[in-house]
Each structure stands twice: as C-alpha cells, then as structure tokens.
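Please open the model in a viewer and keep the selection panel at hand. The tour below proposes one selection after another and describes what is found at each stop.

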Amino acid sequence: MRLVKPRLVVGLVIVGVFLVLGVIAPLFAPEDPTAWNTYFRNKPPSSLHLMGTNNLGQDIFWLLTWSIRNSLWIGLSVAALATAIGVLVGMLAGFVGGFLDRVLTLCMDVVIAVPSLPILILISALLGGNASLVIIAMVLVIFNWPWPGRQARAMALSLREREFINVAQASGESTAKILILEILPFMLGWALANFVNTILVAIAAESGLAIIGLSSLKEATLGTMIYWAMQHQALLLEQWFWILSPILSIMLLFIGLFLVSTGWSDYFATRRGRQ
Amino acid sequence: MHVIRFLATRIIVYLLVVWIGVTIVFFVPRFVPGNPVDAMLGKMMSQGTNMDPKLVASMRQTLTELFGLEGTLWEQYSAFLTRVLLTRDFGPSLSYYPTPVSMLIGRALPWSLGLMLTALAISWTLGNFIGLLAGYHNKSIASKAIETTAMLVYPIPYYILALLLVILFAYVWPVFPFVFQVSGAPGTWQWMVSVAYNSFLPLMSIVIVSLGWWIISMKALAIDTKEEDFVQFARYRGANDNKVMIRYVARTAILPQITVLALSIGGVFGGSLITEILFGYPGMGSLIYKAILGSDYNLMVGAISLSIVAVATATLVLDILYPFIDPRIRYN
C-alpha cells in the first residue's frame, strides 16, 4: 500500500499555489491595490494587468493576491491559537480527570453548541463595518478551540493508561512535564490535521461575514472582494474576473485545505498503524 | 437509569447553551464602543432633520427605555433574561414601528426552520442512501467517482455555492428568480408552487453542500460495518444481498449519523442565515440583516437571541429522540 495518497499531494499542491499567491506575490504588488483609480478603469486582461482592471481602477490580480494574503492571515492565526488552546485544555482535562475533567468537558460541549455566526453578526453589526480583522479572529478563536479540545481529551484519556505514562508518574515526574514531554508528541500529527481544518473554518466564517458587508470593510479579504464586486455592480458590468476570481479562489483553496487535512490524517493513521 | 442520566446531561447542556448564548448577546452591545441610542440618534440627525436639544434629550430618554438600557447592569440583565426566556417580548421594532419584534420573528422563524429542516431532511436521506450504496459496493468505479465528487463539493461554504448558483441560474441563464417574490394567498396551490419555485435555489445551495458530508461519512461507516462478524454471518446464511445491506449494514451504520445530524444543525443554521440574505429569502437571516441596515436594535437583539434558542432547542429535540432510535442506549 502506498503511504502518501494522491489526495494529500493534490491538496498540498493547491495550498502551495495559494501560499505563493498570498505570501510571496503581494510583495511585488506595484502599488496598494485597494486604492481607487490607480489605473485606467475596466481594462480587459493583458500582460500589464493579468486579470484586467475593475470599474474602480484597481488591478484585479493584485487585489486578489492581497485578499488571499489577508484571508490566509486570519485562517492561520485563528487555527494556530485555537489548536494550541484546545490541545492544552483537552490534554489537561483528559490527563487529570475527575472534577476538572467534568467541568472542562461541559465547557467544551457548551461552547460547541452555541451558534457562533449569529453572535459574530451581532458584534460586527454593532461595530458597523469597523470591526478589525483582529477582533473577528479573536472571536473565532473563542468559538473554535473546543473541537480540538474534545479530541485531545479523548486521546489523553487513552494515553493515560499506557505503560510509559505510569512509569513516568511512578518516577515522580510533574504533571506539566508528563503532558509536554510524554503526551504532546503523540498529539502533534493529529493536531496538524485539525490545524489545517480550522484554517478552513476561520476563513469560511470571515468571508461569510464579509459577503454581507459585516467584516472589516477597510481591508481586502476574499470575502470583502466579493462584497465590493457586488456593491459596484460587477455582475451587470460583466466583470467576471472581479466577481468570479475570489469565488473560485475560495472554492479551490477550501478543496485544497480539505484534501490536505483528510489526506494527512489518513497518512498519519497508516503510519501510526505500522509502528 | 442510563436514559435518565443521558437526558439529564443533555438538558443541562441545553440550559447552559441558551443561558451563555443569551448572556453573550446581552453583554456584547454593552462592551462594544458606541451605544445603540447614540447610533440611532446619529442616524436620525444625519437624515437632515434639525432638532432642538430638548427634543433630543427626551428622545434619548425614550430610546434608552425602549432598548431596555435603563437601570443598573444587573437590573437590565435580569429584565433581558425574562424577556428572552419567558415573555419573548422585545418591544416594538423601530424600522417597522409599531409592529412588535416578537411578531416579526414569529413570521420569519417558520421560513428559516422550514428551509433548514427541508434541506437537512433531503440531504440526510439522499446522502446516507448514496453513501450506503457507495460503501457497500466500495470496489466499484462509481463508488470512487461519487466519493471524489463529494470531497470536492463538501468543503465549499453554503453561501459561496449560493452565490455561484445565483450567478449561473438567475443571471447568466435566468431560469430562477433573482429576488424572492411569492405570489398568491398563503395556503393556496398557487402560493405553494411559487414558494417551491422561489425556494429552489437557496434550498439547493444547502442540500448540495451537506449532501457531500453525509455521503463521505456514510460511506466510511458502511465500509467498516460490512466487515463486522454479524454481517458476514448473515451473508454465509445466504441472505439476499440487498437485505444484508438494508437490514444489517444500514441499520447499524445510520446510528452515528443521527448524532452528527443533531450536531450539524447549528452550522447549517448559521450558513443558511447568509444564504437567506443573498437570496432575499424571508427568514431570520434577512430579518437580522434588515435590522442591521436600519440600526433596529430591538429587532437585532431579539432575532439573534431567539435564533440561538431555536438552534439549541432543535438540537435538544433530536438528541432526546436518539435513545428511542438506538436500542443500545434504550436497554443498557
């Protein structure tokens, strides 16, 4: 049986392309692509403007790269924080057990069940389009840590019974040391799959808010790009690159992230099975 | 005893979810800079009306009262909890003055629940059926093709697919309406047809995406289940293949899918809020959106807190039904 599935490779290639577009390409943007009237309006695609310009005089290609950059930034920071918090809390709950475990599990179950989108809508609506990406990212972290938390708890619970943990405990290791040195390494492979999945969830939530004009309207993200395009009648003007490029980017990026996340957990499970 | 413990845990979680959700909705406006009264007054002033300061002061007083922003924080909080949990009275809506907020919500909520539950019912049934077939015959090419398609569709958010469907079928090839517009009197045949016609695209955007997930997960469950001893045994006994698939594999593999169905309600509801706004579908999403556009504070807070209660309740109902479906929980 092949260890690396084609699924994982395809996913990595797609995500890799987006990393290049979102991290490296924006460095070469000739001007701030969010500024209006930098270029002639409504130019068709050419060697000068890869995707043409829109009716605000923005270069669509460079606008897209900036949008990808900001969307990735939200996704990566939310995923990193939520996974870190979730893994730590979950490990603690599963390993210590007892009353602490019951309280933490209840917390996680409750936070998972609270519908987060209406609350995000409320916060952004009250901030009136002035919500910064940082605030939105923070709220997303609050609602997304329990997913990895629950899984980490289940893993810590089963690891607790293993021989080497008993040995560590018997030899007088502190709980913190056992958690970090003995249990954490087992979780990293799985945590990576979760991390990738949370990137997807966070970008999805932000772009959902942005499409209805409730994200930060000052910064370009894939969602706000769609919002601007709709607000400025990109459909009526048949500016397909303007409206379709962020839509297709989101679809492709999400398919890529999903393939990486499931492909990696499959790969990880097979590898672990061989040990 | 097992059932009682199970129900008790679920109900405690439900109460906590409602309480925490409602508490967040209460505190958010009070911690976010700028208060709704000032926002409302600012909006009125910007419309060009010249008001004398006395009038403004008395208006500020009225609005503070209307929005339930009077008294100490604790008084406001307990009044708010009573409103949401017991009386469901959020005062009058400002953009539809003097229609009470509860009436607007009462009109919108059935639309949202209808859209969401129809979408879930269709996608869950269809997805599990396709997933079962694909999992039971997992060596076939069709099975692999179905899984690949499902994996490509599932990660797409509802509203992105909704946008794409709008562009394709309401704009490029206009077979469906761009704006939701129902004709005929409620209850008549004409009305029902027009509702179905208008709801088709929003419904499809939710069905297609969630279908992907049910297919992927059911396929995995069916593959695991069909290797189990009791299924093998049924096969050795010479039971008909379709009978083995339905009676033995499907009945076992469907159970986890019911739990996931309960868990997915919140996500589907959240996603459909944005879908509704994009299609102008007359549910809670559009109501909340109108409230935001009109700075209608009472409507916003009322609609959002009742959305949270509605999602939590729908989840609880499914959870409570679960022991009646799963014999392992019932008899343990």
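## First stop: an oblique pair of helices

Helix 3 of chain A and helix 1 of chain B are oblique to each other, because their angle falls in none of the ranges for roughly parallel, roughly perpendicular or roughly antiparallel. Please note at the outset that this is a predicted model. To display the pair, select residues 98-113 of chain A and residues 2-31 of chain B; these two helices pack at an angle of about 60°, with their axes 9 Å apart. Their crossing is right-handed.

Next, show the side chains where these helices meet. On helix 3 of chain A, the contact is made by Asp109(A), Val110(A) and Ala113(A). Helix 1 of chain B contributes Val13(B), Leu16(B), Val17(B) and Ile20(B). Sorted by class, this contact has 6 nonpolar residues, no polar residues and 1 charged residue.

## Second stop: a roughly antiparallel pair

Now select residues 116-127 of chain A, which form helix 4, and residues 297-325 of chain B, which form helix 12. How are helix 4 of chain A and helix 12 of chain B oriented to each other? The two pack at an angle of about 165°, with their axes 9 Å apart. Angles over 145 degrees count as roughly antiparallel, and helix 4 of chain A and helix 12 of chain B are therefore roughly antiparallel to each other. The crossing here is left-handed.

The residues to display on helix 4 of chain A are Pro118(A), Ile121(A), Leu122(A) and Ala125(A). Facing them in the contact, helix 12 of chain B supplies Met300(B), Ile304(B), Ser307(B) and Ile308(B). By class, the contact of these helices has 7 nonpolar residues, 1 polar residue and no charged residues.

## Third stop: the whole side of chain B that touches chain A

Widen the selection to everything in contact between the chains. In total, 38 residues of chain B are in contact with 29 residues of chain A. Which helices of chain B each supply at least two residues to this side? They are helix 1, helix 6 (141-153), helix 7 (158-172), helix 10 (241-279), helix 11 (284-293) and helix 12. Helix 1 of chain B gives the most, with 9 residues. Colouring this side of chain B by class would show 33 nonpolar residues, 5 polar residues and no charged residues. For the complex, the predictor gives an ipTM of 0.83 and a pTM of 0.86.

## Fourth stop: chain B

Select chain B alone. Chain B has 13 helices and 0 strands. Its C-alpha trace spans about 90 × 55 × 40 Å along its principal axes. Of its 332 residues, 37% count as buried. Among contacts in chain B with a separation of 6 or more, 72% join residues 24 or more positions apart.

Colour chain B by pLDDT. The mean is 84, and 95% of the residues of chain B reach 70 or more. Among the elements of chain B, helix 5 (residues 101-136) has the highest mean pLDDT, 92, and helix 13 (residues 327-331) has the lowest, 60. Where pLDDT is low, the predicted coordinates should not be read in detail.

Then pick out Glu65(B), which lies in helix 3 (residues 53-66) of chain B. With 13 C-beta neighbours inside 10 Å, Glu65(B) counts as partly exposed. Add Gly91(B) to the selection: Glu65(B) and Gly91(B) are 26 residues apart in sequence, and their C-alpha atoms are 9.9 Å apart in space.

## Fifth stop: chain A and one of its loops

Switch to chain A, which has 10 helices and 0 strands. The C-alpha trace of chain A spans about 75 × 50 × 25 Å along its principal axes. Chain A has 275 residues, of which 49% count as buried. In chain A, residues 24 or more positions apart account for 73% of the contacts with a separation of 6 or more.

Finally, select the loop between helix 9 (222-231) and helix 10 (240-274) of chain A, where Gln233(A) is placed. Glu238(A) is in the loop between helix 9 and helix 10 as well. Most residues other than glycine have a negative phi. Phi of Gln233(A), however, is positive, near 60°, and phi of Glu238(A) is positive, near 55°. Are these residues buried or exposed? With 12 C-beta neighbours inside 10 Å, Gln233(A) counts as exposed. Glu238(A), with 12 such neighbours, also counts as exposed.

Terms used
Residues numbered from 1 in each chain as written. Chains lettered and ligands numbered in written order. Predicted model: local features only at pLDDT ≥ 70, side-chain atom pairs only at ≥ 80, totals over all residues. Axes fitted to C-alpha atoms, helices over the stretch in contact; angles between N-to-C directions. Helix = DSSP H or I, 4+ residues; strand = E, 2+ residues; numbered from the N terminus. Parallel < 35°, antiparallel > 145°, perpendicular 65-115°, else oblique. Left-handed = near helix turned anticlockwise from the far one by under 90°. Contact = placed C-beta atoms within 7 Å. Nonpolar A, V, L, I, M, F, W, Y, C, P; charged D, E, K, R; others polar. Buried ≥ 20, exposed ≤ 12 C-beta atoms within 10 Å, placed from the backbone. pLDDT = per-residue confidence, 0-100.
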